[in-house]
Amino acid sequence: MRRMLKVLIVDDSKIIQRVLAAQLVAMGHSVVGCGNDGEEGVAMFAELRPELTMLDITMPNQDGRECLDKILKLDPAARVVMCSALKSQTVVDGCLKSGALGFVEKEQLGNANYLRDKLSAILNLQNSQ
């Protein structure tokens with residue numbers, strides 16, 4: 001069994017927050033907070049220091065890419081996975097180049113095993129580097 005992670009979810013959709021939280025808890029992780037936009041996400045990251053942050057791209061006030069940059073300035077070792085309905089290769093590549101560990105497609109969250117398998121692959125890849 002993998003070690004439980006403290007996870008912060010930052011997404012302007014309450015439905016996505018609930019879906020992600022339920023799936024993460026079912027995997028044995030602890031959701032330490034849910035932010036509604038990038039500004040709130042940066043503030044919550046600074047306060048809570050989660051071990052993993054799930055971050056939406058399209059949000060009001062400050063988008064996910066700007067939030068990612070600010071989180072990585074606070075902690076260059078922060079583990080951030082983008083979670084978005086935007087899935088163009090340009091967007092995905094831009095997020096990864098900016099420092100995100102991986103990318104999760106929102107429309108795949110209905111598949112019960114998708115998030116578990118995707119996070120497992122992303123975190124195992126990071127741990128092997």
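Trainee: How far is the sulfur of Cys83 from the closest cysteine sulfur, and which residue holds that one?

Mentor: Start with the cut-off: a disulfide needs two cysteine sulfur atoms within 2.5 Å. Keep in mind that this is a predicted model. Here the sulfur of Cys83 sits 11 Å from the closest cysteine sulfur, the one in Cys95, so that's too far for a bond.

Trainee: What about Cys67, how far is its sulfur from the closest cysteine sulfur?

Mentor: For Cys67 the closest cysteine sulfur is in Cys95, at 11 Å, which is too far for a bond. By this rule the count of disulfides comes to zero.

Trainee: Are Cys67 and Cys83 buried or exposed?

Mentor: To call a residue buried, you want a relative accessible area under 20%. Cys67 comes out at 0%, so it counts as buried. Cys83 is buried too, with 1%.

Trainee: Cys67 brings me to the helices. How do I describe two that pack together?

Mentor: Two packed helices are described by the angle between their axes and by the distance between those axes. In this model, α2 and α3 pack at about 20°, and their axes are 9 Å apart. That makes α2 roughly parallel to α3, since angles under 35 degrees get that label. Their crossing is right-handed.

Trainee: Which residues of α2 and α3 meet?

Mentor: From α2 you have Gly38, Gly41, Val42, Phe45 and Ala46; from α3, Cys67, Lys70, Ile71 and Leu74. So there's our buried Cys67 again, taking part in the contact between α2 and α3.

Trainee: And Cys83, which residue can I look at next to it?

Mentor: Try Asp56, in the loop between β3 (52-55) and α3 (64-74). Leaving aside neighbours within four places in sequence, Asp56 is in contact with Cys83, and also with Val10, Asp11, Asp12, Gly64, Met82, Ser84 and Lys106. Asp56 is buried, with a relative accessible area of 2%.

Trainee: With which side chain does the side chain of Asp56 make a polar contact?

Mentor: With that of Lys106, at 3.3 Å.

Trainee: One more feature: where is phi positive in a residue other than glycine?

Mentor: Check the backbone angle residue by residue, then see where the residue lies. Arg49 has a phi near 45° and lies in the loop between α2 (38-48) and β3. Asn61 has a phi near 70°, and its place is in the loop between β3 and α3.

Trainee: How accessible are Arg49 and Asn61?

Mentor: Arg49 is partly exposed, at 39% relative accessible area, whereas Asn61 is exposed, at 58%.

Note on methods
Residues are numbered from 1 along each chain as its sequence is written. This is a predicted model: local features need pLDDT of at least 70, side-chain atom pairs count only at pLDDT 80 or more; totals for chains, interfaces and linings use all residues. Side-chain values use heavy atoms; hydrogens and water are left out. Helices (H or I, at least four residues) and strands (E, at least two) are DSSP runs, numbered from the N terminus. Buried means under 20% relative accessible area, exposed over 50%, partly exposed in between (1.4 Å probe, protein chains only). A polar contact is a pair of N or O atoms within 3.5 Å; within protein, one must be able to donate a hydrogen and the other to accept it, and residues adjacent in sequence count only if both atoms are side-chain atoms. Contact means heavy atoms within 4.5 Å. Axes are lines fitted to C-alpha atoms, for helices over the stretch in contact, and angles run from 0 to 180 degrees between N-to-C directions. Angles under 35 degrees count as roughly parallel, over 145 as roughly antiparallel, 65 to 115 as roughly perpendicular and the rest as oblique. A crossing is left-handed if the near helix is turned anticlockwise from the far one by less than a right angle, and right-handed if clockwise.
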